[in-house]
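Please look through the sequence and the model below before reading on. The paragraphs that follow start from a single residue and work outward to the whole fold.

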Amino acid sequence: MDRVAIDLHIHSILSPCGEEEMTPNNIVNMALIKELDFIAVTDHNTAKNLPAVMAVAKELGGGICILPGIEVTTKEEAHILAYLPTLEAAMELDQIIYEHLPEVMNEKELFGPQYVMDEHDNIIGEVDKLLISATDIGVDRLWDLVTALGGILVPAHIDRKSYSLIASLGFIPLELNIKTCEVSKKETFDNVLKNFRFFKDYQFIHGSDAHQLEDMAEREYFLELPDMQRQTLIRYLG
Ligand SMILES: [Zn+2]
Ligand SMILES: [Zn+2]
């Protein structure tokens with residue numbers, strides 16, 4: 001068994017709310033400095049910075065593993081973390097999600113830029129549609145899409161009063177077979193269990209939801225995994 005340090009909820013510069021310092025190189029280097037083992041860059045409704053993040057991690061080595069992920073906003077306005085086994089699967093989901101975003105364009109001055117970067121932190125593009133809009137994909141449909149790609153879902157910050165599955169539905173639909181829920185950094189697992197007894201049937205993880213480098217997790221959230229394979233982590237979470 002390995003004690004694995006995780007931070008599976010990090011935003012890059014591509015999220016309009018992500019700081020400009022959240023470049024692929026800065027995120028991976030910060031994860032190395034913090035000695036994290038597994039990280040996930042989960043931008044709002046997009047995976048378009050994952051090719052760069054994964055290329056940087058491969059280039060730098062140092063044992064850091066990247067779990068491909070997207071923080072999807074469902075039709076119900078719930079934030080759900082979708083984790084995928086491969087970059088290809090994440091890019092496939094990215095494309096589907098983009099088609100399901102409304103035709104609302106980003107206003108850079110208002111929301112912030114949505115930069116796509118290469119592995120040298122050069123800006124190689126910008127995403128046109130506003131990525132923090134809700135998609136028209138319901139959580140049940142998202143489940144079908146993600147599991148068909150070999151991925152799993154983890155409802156994000158379920159303790160939050162807005163943009164969480166609990167805030168929008170009030171419960172976790174049983175047919176989704178969800179095993180893990182994410183709890184905000186500032187909330188304790190015990191408190192969530194006290195407030196919602198049905199969570200006793202789920203396992204919890206913390207994620208930083210970092211939008212700036214200093215908010216990324218330290219070596220503070222651990223999982224016990226038999227090995228460092230991406231597939232092992234996915235199986236653990238889902
Ligand atoms: Zn969120
Ligand atoms: Zn987030």
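## From one buried loop residue to the fold

Asn45 counts as buried because 26 C-beta neighbours lie inside 10 Å, where 20 or more are enough for that label. The model in which this is seen is a predicted one. Asn45 is placed in the loop between β2 and α2, and its phi is near 60 degrees, a positive value in a residue other than glycine. Most residues other than glycine have a negative phi.

A second residue can be read in the same manner. His157 is located in the loop between β8 and α6, and His157 has a positive phi of about 25 degrees although it is not a glycine. His157 is buried because 27 other C-beta atoms lie within 10 Å.

The loop that holds Asn45 leads to α2, and in this helix Leu50, Ala52, Val53, Met54, Val56 and Ala57 are buried. The cover over these buried residues of α2 includes α1, β2 (38-41), β3, α3 and β6. Val53 shows what such packing involves at the level of one residue: leaving aside its neighbours within four places in sequence, Val53 is in contact with Pro24, Ile27, Val28, Val41 and Ile66. Just after α2 comes Gly61, with a positive phi of about 65 degrees.

Val53 also belongs to a wider set. The largest nonpolar core has 63 residues, and those with the most contacts inside it are Ile39, Val53, Ile80, Ala82, Tyr83, Leu142 and Leu153. Helix α2 (residues 50-60) gives the most to this core, with six residues.

Leu142, another of the residues with the most contacts inside the core, leads to helix α5 (residues 139-148), where Val139, Leu142, Trp143 and Val146 are buried. These four lie on the same side of α5 because they cover an arc of only 105 degrees around the axis. An α-helix has 3.6 residues a turn, so residues three or four places apart point the same way. On the other side of α5, Asp144 and Ala148 are exposed. Among the elements that cover the buried residues of α5 are β4 (69-73), β5 (79-83), α3 (87-99), β8 (152-155) and α6 (165-168). Just after α5, Gly150 has a positive phi of about 85 degrees.

From the helices we turn to the strands. Strands of a sheet pair through backbone hydrogen bonds, either parallel or antiparallel. Here four strands form an open sheet in the order β3-β2-β1-β11, with mixed pairing. The strands β3 (65-66) and β11 (222-225) are its edges, each pairing on one side only. Strand β1 (residues 2-10) pairs with β11 in the antiparallel sense over four bridges, and the bridge partner of Val4 in β11 is Leu223.

Another antiparallel pair is made by strand β6 (residues 115-117) and strand β7 (residues 123-126), which are joined over three bridges. Within this pair, Val116 stands opposite Gly125 in β7. The two strands β6 and β7 form a hairpin with five residues between them, and Asp121 in the turn has a positive phi of about 65 degrees.

Returning toward the start of the chain, Pro16 lies in the loop between β1 and α1 (24-33). Pro16 is buried because 22 other C-beta atoms lie within 10 Å. Not counting residues up to four places away in sequence, Pro16 touches Asn106, Phe111, Gly112, Gln114, Leu131 and Ile132. By contrast, Pro16 and Leu169, which are 153 residues apart in sequence, are 26 Å apart in space, C-alpha to C-alpha.

The whole chain can now be taken together. The protein has eight helices and 11 strands, and of its 238 residues, 41% count as buried. Among contacts between residues at least 6 apart in sequence, 73% join residues at least 24 apart. Along its principal axes the C-alpha trace spans about 45 × 45 × 30 Å. The radius of gyration is 16 Å, which agrees with a compact globule, because a globule of 238 residues would have a value near 18 Å.

Terms used: Residues are numbered from 1 along each chain as its sequence is written. Chains are lettered from A and ligands numbered from 1 in the order in which they are written. This is a predicted model: local features need pLDDT of at least 70, side-chain atom pairs count only at pLDDT 80 or more; totals for chains, interfaces and linings use all residues. A nonpolar core is a set of buried Ala, Val, Leu, Ile, Met, Phe, Trp, Tyr and Cys residues joined through C-beta atoms within 7 Å. A residue is buried if 20 or more other C-beta atoms lie within 10 Å of its own, exposed if 12 or fewer, and partly exposed in between; C-beta atoms are placed from the backbone. Two residues are in contact if their C-beta atoms, placed from the backbone, lie within 7 Å. Two strands pair if DSSP finds at least two bridges between them. The arc is that of the directions from the helix axis to the C-beta atoms. The radius of gyration is taken over C-alpha atoms; the globule rule is 2.2 Å times the number of residues to the power 0.38.
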